Amino acid sequence: AEGVNSISGKGLMLGIETVKDASDVIAECRKNGVLVIKAKNKVRLLPALNIPDELLEKAVDVIINACKYNLLVIFINTINIFNHFFFDYFFILKGTK
């Protein structure tokens, strides 16, 4: 899936190594009602073995969406980095900084 590097584990006890920082994924999951934890650099899932299928499907959708990168945020961050670099370089050349 988009934003996932690897998945490890057995049964419902899974670890998901994500492209995004695991803490960011966990925060977004919690914001959307899915309780997950962090184990090293992975998002750890430990659902009850008797979890209803419809609840599990909703949780999986939340996790998948939390793992995806928001392209608009990436674009804005890239523009901000470019602006800082450009203006710092410009002022150094001009000798005003």
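1. Is Leu 14 buried, partly exposed or exposed? Leu 14 comes out as partly exposed, because its relative accessibility is 23% and the buried class stops under 20%. Bear in mind throughout that we are looking at a predicted model. Leu 14 belongs to strand E2, which covers residues 13–18. Its C-alpha atom is separated by 9.3 Å from that of Lys 42, a residue 28 positions away along the chain.

2. Now for the overall layout. The protein has three helices and four strands, and reading from the N terminus the order is β-β-α-β-β-α-α. The chain has 97 residues, and 19% of them count as buried.

3. Have a look at how helices H1 and H2 pack. H1 spans residues 22–31 and H2 spans residues 53–67. Their axes come within 9 Å of each other, with a crossing angle of roughly 140°. I'd call the pair oblique, since an angle has to be over 145 degrees to count as roughly antiparallel. As for handedness, H1 passes H2 in a right-handed crossing.

4. Staying with H1, Asp 24 sits in this helix. At 46% relative accessibility Asp 24 is partly exposed, because the exposed class needs over 50%. Asp 24 can be paired with Val 43: the two are 19 residues apart in sequence, and their C-alpha atoms are 9.9 Å apart in space.

5. Next, the charges. How many salt bridges does the structure hold? There is one, and it joins the side chains of Glu 28 and Lys 20 at 3.5 Å, N to O. The two partners fall into separate burial classes: Lys 20 is buried, with a relative accessible area of 12%, whereas Glu 28 is partly exposed at 27%. The cut-off for buried is under 20%, so Lys 20 falls below it and Glu 28 does not.

6. Val 36 deserves a line of its own. You'll find Val 36 in the loop between H1 and E3. Despite the loop setting, Val 36 is buried, with a relative accessible area of 3%. Measuring from C-alpha to C-alpha in the model, Val 36 and Val 25 are 9.2 Å apart, with a sequence separation of eleven residues.

7. On to strand E3 and the surface beside it. E3 runs over residues 37–39 and includes Ile 37. Ile 37 is partly exposed, with a relative accessible area of 38%. Together with Met 13 and Leu 46, Ile 37 makes a nonpolar surface patch of about 290 Å². Patch members need over 30% relative accessible area, so Ile 37 at 38% clears that bar.

8. One backbone angle to check by eye is at Lys 40. What is the phi of Lys 40 near? Its phi is near 55°, which is a positive value in a residue other than glycine. Lys 40 lies in the loop between E3 and strand E4, the latter being residues 42–45. Lys 40 is also exposed, because its relative accessible area of 78% is over the 50% cut-off.

Terms used: Residues are numbered from 1 along each chain as its sequence is written. This is a predicted model: local features need pLDDT of at least 70, side-chain atom pairs count only at pLDDT 80 or more; totals for chains, interfaces and linings use all residues. Side-chain values use heavy atoms; hydrogens and water are left out. Patches are made of residues with over 30% relative accessible area and no salt bridge: like charges are joined within 9 Å, nonpolar side chains (Val, Leu, Ile, Met, Phe, Trp, Tyr) within 5 Å. Accessible areas come from the Shrake-Rupley method with a 1.4 Å probe; for residues, only the protein chains shown count as cover. A salt bridge is a side-chain nitrogen of Lys or Arg within 4 Å of a carboxyl oxygen of Asp or Glu. Helices (H or I, at least four residues) and strands (E, at least two) are DSSP runs, numbered from the N terminus. Buried means under 20% relative accessible area, exposed over 50%, partly exposed in between (1.4 Å probe, protein chains only). Axes are lines fitted to C-alpha atoms, for helices over the stretch in contact, and angles run from 0 to 180 degrees between N-to-C directions. Angles under 35 degrees count as roughly parallel, over 145 as roughly antiparallel, 65 to 115 as roughly perpendicular and the rest as oblique. A crossing is left-handed if the near helix is turned anticlockwise from the far one by less than a right angle, and right-handed if clockwise.
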